[in-house]
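User: I am new to this structure. Can you show me how to read it?

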Protein chains: 2
Amino acid sequence: MTPYELDEIDHQLLRLLQADGRRTFSEMAPEVGLSVAAVKRRIDRMRQAGVITGFTVKIDHAKLGWGIEAFTELRYAGTTSVRDILSSTTRTPEVQAVFTIAGDLDALVHMRVRDINHLQEVIDRLRGTGKVIGTRTLMVLGSWSRED
Amino acid sequence: MTPYELDEIDHQLLRLLQADGRRTFSEMAPEVGLSVAAVKRRIDRMRQAGVITGFTVKIDHAKLGWGIEAFTELRYAGTTSVRDILSSTTRTPEVQAVFTIAGDLDALVHMRVRDINHLQEVIDRLRGTGKVIGTRTLMVLGSWSRED
DNA sequence: TTTGAAAGCACCGGAGT
DNA sequence: ACTCCGGTGCTTTCAAA
């Protein structure tokens with residue numbers, strides 16, 4: 001699959017939208033030196049091409065009382081399919097993301113919990129579902145994210 | 001810090017904005033059964049309280065030719081401060097996110113690269129900077145993310 | 001692929017229930 | 001708290017280059 005080619009102005013628009021996804025076309029137009037209609041057209045085009053898959057809101061989960069973040073590495077029995085892994089992990093509401101992994105372990109799960117007891121409980125829940133044969137949990141102390 | 005309390009309508013609004021961060025107030029108003037002004041006030045309030053930290057665009061990096069995603073666990077020499085870890089990792093452009101971690105390892109780095117050679121090169125770069133004394137890389141085969 | 005303008009909406013403040 | 005309303009500004013489409 002040949003990558004979709006962006007010129008410098010497309011990159012500028014993506015950067016502007018990453019910093020503020022609700023920025024208006026009329027606000028961006030003078031910043032990139034094009035008319036409002038041209039900006040709209042470019043963004044529609046990137047949406048159409050699937051480069052832009054959508055827009056979303058950024059939420060501070062700690063402010064809502066979900067202050068603890070952790071990654072858990074899961075190892076499964078040899079007979080477990082990716083579909084089984086996904087169906088057992090993704091139905092746990094504390095799980096934010098699941099990455100299936102090449103190599104000796106099988107999945108890396110990103111989760112958010114309220115406190116340590118809650119973390120313990122979620123890990124137990126994950127160990128109980130399906131054919132988990134081993135876990136290792138990394139508690140996040142701090143995080144940095146590229147302009148998100 | 002006591003968590004900010006959301007009622008059912010606030011949760012609905014957050015869900016709507018997670019699915020489409022550019023949804024208009026007038027579109028959301030009838031869906032939650034309030035007036036446009038009331039919706040705006042609630043969202044302004046959540047912004048003010050820091051629950052909503054912003055809005056952003058979702059990008060399909062694979063479509064742009066950055067098709068490979070990986071996590072690298074980094075172990076540092078005992079004298080390394082968190083500031084040193086962040087300054088050495090975050091200036092690598094392929095690094096998307098850095099999590100500092102409790103326990104025997106020190107950081108988990110999320111990165112995006114174009115291909116395997118590129119991955120190799122970035123890992124070497126990370127091993128070269130600062131006081132890295134060990135790495136372990138998990139290549140992502142697939143991923144799932146809660147409504148993103 | 002761009003600009004420019006017109007019509008339709010959305011936003012946002014204030015006053016009132 | 002919410003609703004109604006009016007002024008302002010943004011979005012969207014289309015003709016034209």
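Analyst: We will look at the surface near a DNA strand, then at one helix. Keep in mind that this is a predicted model.

User: Which residues are around DNA strand C?

Analyst: Look for residues with a heavy atom within 4 Å of the strand. Chain A gives A:R22, A:L34, A:S35, A:A37, A:A38, A:R41 and A:R42. Chain B gives B:T24, B:F25, B:S26, B:A37 and B:K40. Sugar and phosphate make up 87% of the atoms of DNA strand C that come within 4 Å of the protein.

User: Which atoms lie beside a phosphate oxygen of DNA strand C?

Analyst: A polar side-chain atom of A:S35 is 2.4 Å from one. For a polar side-chain atom of A:R42, the distance is 3.3 Å. B:F25 uses its backbone instead: an N or O atom there lies 3.0 Å from a phosphate oxygen.

User: Which element gives the largest share of the surface near DNA strand C?

Analyst: Helix 3 of chain A, with four residues. Helix 2 (25-32) and helix 3 (36-48) of chain B also give two or more residues each. By type, the surface divides into five nonpolar, three polar and four charged residues.

User: Why do buried residues of a helix share a side?

Analyst: An α-helix has 3.6 residues a turn, so residues three or four places apart point the same way. In helix 2 of chain B, the buried residues are B:M28, B:A29 and B:V32. They cover an arc of only 115° around the axis, so they sit on the same side of the helix. Their cover includes helix 1 (8-19) and helix 3 of chain B.

User: What comes just after helix 2 of chain B?

Analyst: B:G33, with a positive phi of about 75°.

Terms used:
Residues numbered from 1 in each chain as written. Chains lettered and ligands numbered in written order. Predicted model: local features only at pLDDT ≥ 70, side-chain atom pairs only at ≥ 80, totals over all residues. Heavy atoms only, no water. Polar contact = N/O pair within 3.5 Å; in protein donor to acceptor, adjacent residues only side chain to side chain. Nonpolar A, V, L, I, M, F, W, Y, C, P; charged D, E, K, R; others polar. Buried < 20%, exposed > 50% of the residue type's maximum accessible area, 1.4 Å probe, protein only. Arc of directions from axis to C-beta. Contact = heavy atoms within 4.5 Å.
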